[in-house]
Amino acid sequence: MQALDTTFEPDVLDAFRDVPTAVISDNLQRLPGFFGLKPYHRSGRLIGRARTVRTRAGDNLTIHKMLDLVKPGEVIVVAGEGDTSRALVGDIMKNIAESRGVAGFVIDGAIRDCAAFAASDFPCFAKAVTHRGPYKDGPGEIDVPIAIEGTVVSPGDIVVGDADGVVTFSIAVAKELAAAVHAQIAREEAIINSIHAGTYTGAYAKT
C-alpha cells in the first residue's frame, strides 16, 4: 500500500472543477485517458483524487476493503482487467460509497443495477453492465499504481470525468496544466465569439 500525499492545496482541484476533459486531454498531449469507459450515472461531473484498487477479473473483495479506507472526496479507481463477465459494483456498494462521501467510481470492468446508477448523480464510469455478480475471494491490492487501457494511475492522482470520459494526471503537473487549460478555454471562447460575429478567419485549424 502506498501512502497518499496530502500536501497539496485544495484549490488545485477547484481549478479543474468546471473544465472539460477534452481540454485537459489536449494539454496532456492527447495521450492519457481511458478508452471504452462510459458514464452510467444520470448527470454530474467527477473530480477527486484517486484511491486505486487492483483486483482479479470478476472479484470485488478488495473494493469492499477500499470502501472501509476511502475518505470523503476521493475517487475509487479499479483495475479489473477489463473483464465484463461479472459486475464489480452495484447499488449496495454505490450506497455505501455515497454514505462515506466518495466522489465516484471508475471501474475497468462491469457494473450491475444500472437503473439505480442512471437515477443517481453519483458518478460512475465503467465498461459494461451485467446481471452476473462477483466473487469475493481476492486477491487484490490497494493504493498501488495501476494501468487501465495503457494509462497508469497512481494513488493521489487527480481524476476528472464528464460526458466525454475520464482523464487522470499527477498532482505534480496540476498547476501548470491548469494554467494551460484555462488559456485554451479563453482562446476557444474567443473563436466561438468570432464565429457568431461573422469574423472567424480559420483560427481553430491552427490550434
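Colleague: Which residues are linked with Arg51 in a network of salt bridges?

Modeller: Glu74 and Asp143 are the partners of Arg51 in that network. Keep in mind that this is a predicted model.

Colleague: OK. How many salt bridges does the count come to?

Modeller: The count comes to 13.

Colleague: Let's look at arginine 56. Which side chains meet arginine 56 in a salt bridge?

Modeller: Aspartate 59 is one of them, at 3.4 Å from N to O. Aspartate 137 also forms a salt bridge with arginine 56, this time at 3.6 Å, N to O. That second pair links distant parts of the chain, 81 residues apart: aspartate 137 sits in the loop between β8 (128–129) and β9 (140–142), and arginine 56 in the loop between β2 (46–55) and α3 (61–67).

Colleague: And are those three buried or exposed?

Modeller: It's a mix. Aspartate 59 is buried, because its relative accessible area is 0%. Arginine 56 has 31% relative accessibility, so it counts as partly exposed. Aspartate 137 comes out at 58%, so it counts as exposed.

Colleague: What does aspartate 68 form a salt bridge with?

Modeller: With arginine 100, and the closest N and O atoms are 3.1 Å apart. Aspartate 68 lies in the loop between α3 and β3 (74–79), while arginine 100 lies in the loop between α4 (91–99) and β5 (104–108), so the pair ties together parts that are 32 residues apart in sequence. Aspartate 68 is exposed, at 59% relative accessible area, and arginine 100 is partly exposed, at 35%.

Colleague: Switching to cysteines. How many disulfides does a search of the whole structure find?

Modeller: The search finds 0.

Colleague: Why is there no bond from cysteine 114 to cysteine 124?

Modeller: Distance. The sulfur of cysteine 124 is the closest cysteine sulfur to that of cysteine 114, but the two are 10 Å apart, which is too far for a bond. A disulfide here would need the sulfur atoms within 2.5 Å.

Colleague: Is each of those two buried or exposed, or in between?

Modeller: Cysteine 124 is buried, because its relative accessibility is 0%. Cysteine 114 has 35% relative accessibility, so it counts as partly exposed.

Colleague: Now helix α6. What should the helix span, and how far apart are its end C-alpha atoms?

Modeller: The two figures agree. Helix α6 covers residues 174–197, and at 1.5 Å a residue its 24 residues should span 34 Å; the end C-alpha atoms are 34 Å apart.

Colleague: Which residues of α6 are buried, and what do they pack against?

Modeller: The buried ones are Ala174, Leu177, Ala178, Val181, Gln184, Ile191 and Ser194. They pack against two helices, α1 (11–14) and α2 (21–26), and two strands, β12 (158–162) and β13 (165–169).

Colleague: What comes just after α6?

Modeller: Glycine 198, which takes a positive phi of about 75°.

Colleague: Which residues make the nonpolar surface patch?

Modeller: Ile192, Ile195, Tyr200 and Tyr204 make a patch of about 400 Å². Isoleucine 192 belongs to helix α6, and at 44% relative accessible area that residue is partly exposed.

Colleague: Where is the cis peptide bond?

Modeller: Between glycine 138 and proline 139, with omega at about 0°. Proline 139 is in the loop between β8 and β9. Most residues other than glycine have a negative phi, and most peptide bonds are trans.

Colleague: What touches threonine 62?

Modeller: Leaving out residues up to four places away in sequence, threonine 62 contacts Val53, Arg54, Thr55, Pro139, Gly140, Glu141 and Ile142. Threonine 62 is in helix α3, and counts as buried at 4% relative accessibility.

Colleague: Back to phi: which residues have a positive value although they are not glycine?

Modeller: Glutamine 29 has a phi of about 60°, and aspartate 113 has a positive phi near 60°. Glutamine 29 is in the loop between α2 and β1 (38–39), and counts as exposed at 65% relative accessibility. Aspartate 113 is in the loop between β6 (110–111) and α5 (114–118), and is partly exposed, with a relative accessible area of 37%.

Definitions and conventions: Residues are numbered from 1 along each chain as its sequence is written. This is a predicted model: local features need pLDDT of at least 70, side-chain atom pairs count only at pLDDT 80 or more; totals for chains, interfaces and linings use all residues. Side-chain values use heavy atoms; hydrogens and water are left out. Helices (H or I, at least four residues) and strands (E, at least two) are DSSP runs, numbered from the N terminus. The expected span of a helix is 1.5 Å times one less than its number of residues. Buried means under 20% relative accessible area, exposed over 50%, partly exposed in between (1.4 Å probe, protein chains only). Contact means heavy atoms within 4.5 Å. Patches are made of residues with over 30% relative accessible area and no salt bridge: like charges are joined within 9 Å, nonpolar side chains (Val, Leu, Ile, Met, Phe, Trp, Tyr) within 5 Å. Accessible areas come from the Shrake-Rupley method with a 1.4 Å probe; for residues, only the protein chains shown count as cover. A salt bridge is a side-chain nitrogen of Lys or Arg within 4 Å of a carboxyl oxygen of Asp or Glu.
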